[in-house]
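User: I'd like to go through the charged side chains in this one. Can you take my questions one at a time?

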Amino acid sequence: MARLRAPGGCPWDREQTFDTIKRYTLEETYEVLEAIDNRDWPELTSELGDLLLQVLFYSEMAQEEGRFSIDDVLDALSNKLVSRHPHVFGDVKAEDAHQVLKNWEAFKAEEKRKKNDDRQHGEESLLSGVSSKMPALLEANKISSKAAHVGFDWPDIEGLFDKLKEETEELRAHIKDLPSGALKPQNNSKIPVELREHIEDEVGDLFFVLVNIARYLAVDPESAVRKTNRKFRQRFGWVEEQLKKRGKKLQDSTLEEMEELWGKAKQVFST
């Protein structure tokens, strides 16, 4: 990496900055997740290397500016792993994974408090450490998990299903206020701005409750939706192929034809 960035190295690599590399970091992260979902181990080997390259890239640029090096990154990681696992490297007891997570959050909070003291800032909020730049489902999962770790959670999953029903009813109530025909795609622009904002809020609330249900069931919502997306792509692609065999296009087919093929696609791709 140092050679690529050095005079006489790669012109493209030499032009990159922290900001220009960010989008590649995100792309590589998603490609790692896709390889995991596909259980494609050779591809995962390659994608993990690509993700590691991002760490090396940032570290090399930082070293050029005299900020930190890859050694500093690894030292920080090593120190963090030791300090946040006192049940392994120290005398703290943790009987199960739940207690480990609870301890982890406490250690992170203490680390942030010390940083704030050093910087003479006030105490940070519990949720201030959750980046608002991450995908919305991931952010929702992170902030709800943090709240749950301090006891702000539903006592059981049935409470969440009750909340889901409540939020669904609130959304349906707003939908009843829509102008006649507004639910047709060509008329969506006729929805009053204030009512549209209310509907957006309620849809967001529904997603948030669903994320909490996923968290309660130890399901990663981002991965779950990604798998559903792939399943839909696969089944819908099959429907399209079957229509082509009949000499038809999607646009020329009836809903009944597509639903009939969709039912068969669910049998063909049952998992």
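Analyst: Sure, and keep in mind that this is a predicted model. A starting point is Lys146, which has a relative accessibility of 8% and therefore counts as buried.

User: Which helix is Lys146 found in?
Analyst: We already have Lys146 down as buried, at 8% relative accessibility. Going by residue ranges, its stretch runs over residues 136-149, and that is helix H8.

User: And what does Lys146 touch, leaving out residues up to four places away in sequence?
Analyst: Buried here means under 20% relative accessible area, so Lys146 at 8% makes the cut. With those sequence neighbors left out, the residues it touches are Glu105, Lys108, Leu126, Leu127 and Val130.

User: OK, on to salt bridges. How many does the structure hold?
Analyst: The cut-off is a side-chain nitrogen of Lys or Arg within 4 Å of a carboxyl oxygen of Asp or Glu. On that basis, the count for the structure is 12.

User: How many residues apart in sequence are the parts that Asp37 and Arg230 tie together?
Analyst: The side chains of Asp37 and Arg230 meet in a salt bridge, at 3.5 Å from N to O. Asp37 sits in helix H3 (residues 18-37) and Arg230 in helix H11 (residues 221-245), so the parts tied together are apart in sequence by 193 residues.

User: Is Asp37 buried or exposed?
Analyst: Its partner Arg230 has 27% relative accessibility, so that one counts as partly exposed. Asp37 comes in at 17%, and under 20% is the cut-off, so Asp37 counts as buried.

User: Which residue is linked with Asp37 and Arg230 in a network of salt bridges?
Analyst: Asp37 and Arg230 form a salt bridge with each other. The network of salt bridges has one further member, Arg226.

User: What about Asp153 and Arg215: what is the N to O distance?
Analyst: Their side chains meet in a salt bridge. Asp153 is partly exposed at 30% relative accessible area, while Arg215 counts as buried at 17%. From N to O, the distance is 2.8 Å.

User: Where does Asp153 lie?
Analyst: Arg215 is in helix H10 (residues 193-216), so the pair ties together parts 62 residues apart in sequence. Asp153 itself lies in the loop between H8 and helix H9 (157-176).

User: Last one: which helix holds both Glu166 and Lys163?
Analyst: These two side chains meet in a salt bridge at 3.2 Å, N to O. Glu166 is partly exposed with 35% relative accessible area, and Lys163 is partly exposed with 24%. They lie three residues apart, about one turn of their helix, H9.

Note on methods:
Residues are numbered from 1 along each chain as its sequence is written. This is a predicted model: local features need pLDDT of at least 70, side-chain atom pairs count only at pLDDT 80 or more; totals for chains, interfaces and linings use all residues. Side-chain values use heavy atoms; hydrogens and water are left out. Helices (H or I, at least four residues) and strands (E, at least two) are DSSP runs, numbered from the N terminus. Buried means under 20% relative accessible area, exposed over 50%, partly exposed in between (1.4 Å probe, protein chains only). Contact means heavy atoms within 4.5 Å.
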